[in-house]
Amino acid sequence: MRIHVVDHPLVAHKLTTLRDRRTDSPTFRRLADELVTLLAYEATRDVRTEAVDIETPVAPTTGVRLSHPRPLVVPILRAGLGMLEGMVRLLPTAEVGFLGMVRNEETLKAETYATRMPDDLSGRQVYVVDPMLATGGTLVAAIRLLIERGADDVTALCLLAAPEGVEVMERELSGLPVTVVTAAVDERLNADAYIVPGLGDAGDRLYGTAGA
């Protein structure tokens with residue numbers, strides 16, 4: 001597994017505002033969207049392309065276009081939805097699948113409650129979007145499912161990562177074609193498995209807390 005921490009002043013600037021507890025949900029959503037597009041630029045450096053002949057207004061030339069099958073973008077519900085638009089803005093012809101996973105707060109293990117994507121992902125590049133790589137359990141379970149369906153190149157985009165989660169992914173996904181792209185690897189997880197200093201619960205900050 002490879003991990004790429006995007007070192008760019010605009011990434012650091014937007015991440016700082018996302019961390020700030022005073023940032024309201026509308027601003028948080030907008031900045032998360034902008035940050036994902038910056039991360040996606042780095043994450044798609046190895047997107048597969050094929051040559052194509054075209055005519056410019058001046059002369060014929062050869063360019064590139066995305067190869068078939070098209071890349072698949074998979075947000076992990078619900079927080080991953082807040083990253084989807086920023087991703088497909090850069091890959092407008094990509095297909096989109098959905099994976100519903102929730103962390104059991106007692107066992108801290110990921111449980112799948114919904115899937116909406118092709119059964120056969122043979123030869124597909126897949127981009128999984130989930131704001132937080134905390135314990136690593138959710139992403140490990142999601143990526144294993146994608147690879148079991150035939151995906152041969154999986155990139156996970158996360159706003160933040162914890163070293164404990166990175167370690168789990170490196171151990172559990174060793175030897176598999178997986179890359180993690182993130183804006184920062186933070187200090188640690190706390191006793192409640194939240195990233196420190198982190199930015200809180202990404203889902204709640206994106207959409208608010210139902211019933212609160």
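The following exercises, each with a worked solution, concern one predicted model of a protein chain.

Residues are numbered from 1 along each chain as its sequence is written. Because the model is predicted, local features need pLDDT of at least 70 and side-chain atom pairs count only at pLDDT 80 or more, whereas totals for chains, interfaces and linings use all residues, and side-chain values use heavy atoms, with hydrogens and water left out.

**Exercise 1. Confidence**

Determine which elements of the protein chain have the lowest and the highest mean pLDDT.

Solution. Begin with the scale: pLDDT is the predictor's confidence in each residue, from 0 to 100. The chain has a mean of 90, and 95% of its residues reach 70 or more. Next, list the elements, which are 6 helices and 14 strands, taken as DSSP runs (helices H or I, at least four residues; strands E, at least two) and numbered from the N terminus. Among these elements, strand 7 (residues 110–116) has the lowest mean, 79, and strand 12 (residues 178–182) the highest, 97.

**Exercise 2. Overall dimensions**

Compare the radius of gyration of the protein chain with that of a compact globule.

Solution. The radius is taken over C-alpha atoms, and the globule rule is 2.2 Å times the number of residues to the power 0.38. For 212 residues the rule gives a value near 17 Å, and the chain has 18 Å, which agrees. As a further description, the C-alpha trace spans about 60 × 35 × 30 Å along its principal axes. Finally, of the contacts (heavy atoms within 4.5 Å) with a separation of 6 or more, 70% are between residues 24 or more positions apart.

**Exercise 3. Two loop residues**

Establish whether Thr44 is buried or exposed, and then identify its contacts outside its sequence neighbourhood.

Solution. First locate Thr44, which lies in the loop between helix 2 (25–43) and strand 2 (49–55). Then apply the classes, where buried means under 20% relative accessible area, exposed over 50%, and partly exposed in between (1.4 Å probe, protein chains only). Thr44 has 12% relative accessibility and therefore counts as buried. Leaving aside neighbours within four places in sequence, Thr44 is in contact with Met87, Leu90, Leu91 and Tyr127.

Repeat the procedure for Gly136, adding its C-alpha distance to Met169.

Solution. Gly136 is found in the loop between strand 9 (132–133) and helix 4 (137–148), and its relative accessible area of 4% makes Gly136 buried. Not counting residues up to four places away in sequence, Gly136 touches Gly165, Val168 and Met169. Gly136 and Met169 are 33 residues apart in sequence, while their C-alpha atoms are 6.0 Å apart in space.
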